Amino acid sequence: MLQPGQPAPVFELPDADMRMWDSTSLAGKNLVLFFYPKDNTTGCTLEAIEFTDLMEEFDAADSLVFGISRDDCVSHADFRDRHGLTVNLLADIDGTLCEAFGVWQEKERNGERRLGIVRSSFIIDQQGVIRHALYDVKPKGHAAQILELVKAL
């Protein structure tokens, strides 16, 4: 798992509109990456809506927010449109970025073990260094917690 002070893994991923986002071109902005398990599920919807509700404040803090899952761009577009989300949703279909950030882990549910995304968030400063790495977070109130950490940078 990644730790504060480490350089953030670089990425180039498409969003819900198939626009490519390259982290190296985003230098000079704080980045918030929140990894979530699946589009249109209860916890993931709650988390994405809470980030959307705070987007103006993240913008004022000169921060870009990205939600990342292994869902594809079409699923992300449906998720965004169905819930009126304004947060950018990136498609890590092959899981490369999930693995790089250490969020692709074995999980147990109903006695069954399987690999999946552990809900996690990262705050990356303007120089590309991880300032906060939060693994296995709860969705309710998480966006507000991340906003407070961003404001303290």
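What share of the contacts between residues at least 6 apart in sequence joins residues at least 24 apart in the protein chain? In this predicted model, the share is 64%.

**Figure 1. Overall fold of the protein chain in the predicted model.** Five helices and nine strands make up the secondary structure of the protein chain. Their order along the sequence is β-β-β-α-α-β-α-β-α-β-β-β-β-α. The C-alpha trace extends over about 40 × 30 × 30 Å along its principal axes. The radius of gyration is 14 Å, which agrees with the value near 15 Å that a compact globule of 153 residues would have.

**Figure 2. Surface and charges of the protein chain.** Of the 153 residues, 48% are buried. The accessible surface amounts to about 7,600 Å², and carbon and sulfur atoms account for 50% of that area. The protein chain carries 15 positive and 25 negative charges, and the mean positions of these two sets lie 5 Å apart.

**Figure 3. Buried residues of helix H5.** Helix H5 comprises residues 142–151. Its buried residues are His142, Ala143, Ile146, Leu147 and Val150. Because these residues cover an arc of only 140° around the axis, they lie on the same side of H5.

**Figure 4. Packing partners of helix H5.** The buried residues of H5 pack against both helices and strands. The helices are H1 (42–53) and H2 (55–60). The strands are S3 (30–35), S4 (63–69), S8 (120–124) and S9 (130–134).

**Figure 5. Backbone at Asn40, in the loop between S3 and H1.** Most residues other than glycine have a negative phi. Asn40, by contrast, has a positive phi, near 60°. Asn40 counts as partly exposed because its relative accessibility is 27%, a value between the limits of 20% for buried and 50% for exposed residues. The two elements that flank this loop, S3 and H1, are both among the packing partners of the buried residues of H5.

**Figure 6. Backbone at Asp62, in the loop between H2 and S4.** Asp62 is likewise a residue other than glycine with a positive phi, here near 55°. The relative accessible area of Asp62 is 31%, so this residue is partly exposed. The elements on either side of the loop, H2 and S4, also pack against the buried residues of H5.

Note on methods. Residues numbered from 1 in each chain as written. Predicted model: local features only at pLDDT ≥ 70, side-chain atom pairs only at ≥ 80, totals over all residues. Heavy atoms only, no water. Helix = DSSP H or I, 4+ residues; strand = E, 2+ residues; numbered from the N terminus. Rg over C-alpha atoms; globule rule 2.2 N^0.38 Å. Buried < 20%, exposed > 50% of the residue type's maximum accessible area, 1.4 Å probe, protein only. Contact = heavy atoms within 4.5 Å. Areas by Shrake-Rupley, 256 points an atom, 1.4 Å probe, with all protein chains shown as cover. Lys, Arg positive; Asp, Glu negative; His and termini not counted. Charge placed at Lys NZ, Arg CZ, Asp CG, Glu CD. Arc of directions from axis to C-beta.
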